[in-house]
Amino acid sequence: MRVLVVEDEKKTASFVRKALQAEGFAVDVCHDGEAALAAAAATPFDVLVLDIMLPGRDGLSVLRQLRERKSTTPVLLLSARGEVNERVEGLNSGADDYLPKPFELAELVARVRALTRRSTENKLTTLRVADLTLDTLTHKAQRGGATIELTVREYRLLEFLMRSAGRPCGRMMILEKVWDYDFDPGTNLVDVYIRRVREKIDAGFEPKLLYTVRGSGYILKEAQ
Ligand code: CA
């Protein structure tokens, strides 16, 4: 679990870093908003602890920029006493929680832990390739804001392809993983289902995500 702490007051940043490290988190620290955006773009963090008052680009601006970039990393805002409007604006701009200063370190650690749990749950239940998402709980796929209904077998095929995204999947491997066959039934079963799934996830959308790998099988990937 990796946490990015964005706080210009060096003493506070250092206390927070030590408290989180003591609880087993990997912690990076930035002292201003621009550095925070660069760090968040370079490294996937599980949680951001983001102070509102920062020199230059403030915490709210960092938050809005992150959400504009479609980052779903949970954000815990730190606000000084009296920054009630900023707090409300922060929550409206996509912050997940806030903590008014001064705070107890134990409270901060508890909030961060709660957010990492949420982050882990999201990771486990939602698969994503480009703008295609698949919810492994409801078995619903979405692309470009449209919900895509899948049959049980189509769901299993798409889940397998998405978990293998970027790697070619041979027909035999697909038969094993999606149909539990350990033999080749000598039919075009896989190709038929691939066609159905392709029709649902790619027809009418750009860029295409599901490709045929000549002679070997299929690959789901983001266009280069
Ligand atoms: Ca500050």
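Below are some exercises on this predicted model, each with a worked solution.

Residues are numbered from 1 along each chain as its sequence is written, and side-chain values use heavy atoms, with hydrogens and water left out. Because the model is predicted, local features need pLDDT of at least 70 and side-chain atom pairs count only at pLDDT 80 or more, while totals for chains, interfaces and linings use all residues.

**Exercise 1. The calcium site**

Task: Find which protein atoms are the donors of the calcium ion, and work out which parts of the chain Asp8 and Asp51 tie together.

Solution:

Step 1. Start with the cut-off: donors are N, O and S atoms within 2.8 Å of the metal (3.2 Å for Na, K and Ca), and since water is not among the atoms, sites may look incomplete. The protein donors here are Glu7 (OE), Asp8 (OD), Glu9 (OE), Asp51 (OD) and Met53 (O), at 2.1 to 3.1 Å from the calcium ion.

Step 2. Write the donors out along the chain, and the spacing reads E-D-E-x41-D-x1-M. Asp8 sits in the loop between strand E1 (2–6) and helix H1 (10–22), and Asp51 belongs to strand E3 (residues 47–51), so the pair ties together parts that are 43 residues apart in sequence. Helices (H or I, at least four residues) and strands (E, at least two) are DSSP runs, numbered from the N terminus.

Step 3. Now check accessibility, where buried means under 20% relative accessible area, exposed over 50% and partly exposed in between (1.4 Å probe, protein chains only). Asp8 counts as partly exposed at 27% relative accessibility, whereas Asp51 counts as buried at 2%.

**Exercise 2. Strand E3 and its partners**

Task: Describe how E3 is covered and which way it pairs with E1 and with E4.

Solution:

Step 1. Look at the side chains: Val47, Val49 and Asp51 point one way from E3, Leu48 and Leu50 point the other way, and all are buried. The strand is thus mostly covered, with five of its five residues buried.

Step 2. Turn to the pairing (two strands pair if DSSP finds at least two bridges between them). E1 and E3 pair in the parallel sense over four bridges, and Val6 stands opposite Leu50 in E3.

Step 3. E3 and E4 also pair in the parallel sense over four bridges. Here the calcium donor Asp51 has Leu78 in E4 as its bridge partner.

**Exercise 3. Helix H3**

Task: Follow H3 from its N-terminal cap to the residue just after it, and name what covers its buried residues.

Solution:

Step 1. At the N-terminal end of H3, Asp58 acts as the cap, with a side-chain oxygen 3.3 Å from the backbone nitrogen of Leu60. A polar contact is a pair of N or O atoms within 3.5 Å; within protein, one must be able to donate a hydrogen and the other to accept it, and residues adjacent in sequence count only if both atoms are side-chain atoms.

Step 2. Within H3 (residues 59–68), the buried residues include Gly59, Leu60, Ser61, Val62, Leu63 and Leu66. Their cover includes helix H2 (33–42), E3, strand E4 (75–79) and helix H4 (84–92).

Step 3. Just after H3, Lys70 takes a positive phi of about 70°.

Step 4. Put the pieces together: E3, H3 and E4 make a right-handed β-α-β unit. Right-handed means that, with the strands pointing away from the viewer, the path from the first strand over the helix to the second runs clockwise.

**Exercise 4. Over to domain 2**

Task: Locate the domains, then describe the sheet with E10, E11 and E12 and the surroundings of Arg171.

Solution:

Step 1. The protein chain is divided into domain 1 (2–122) and domain 2 (126–220), with bounds from an automatic or database domain assignment. Their centres, taken over C-alpha atoms, are separated by 37 Å.

Step 2. The three strands form an open sheet in the order E10-E12-E11, with antiparallel pairing. Strand E10 (169–170) and strand E11 (210–213) stand at the edges with a single partner strand each, so one side of each is left without a neighbour in the sheet. Two bridges join E10 to strand E12 (residues 217–220), and Gly170 stands opposite Gly217 in E12.

Step 3. Arg171 lies in helix H7 (residues 171–179) and is partly exposed at 31% relative accessibility. Leaving aside neighbours within four places in sequence, Arg171 is in contact (heavy atoms within 4.5 Å) with Val190, Asp191, Ser216, Gly217 and Tyr218.
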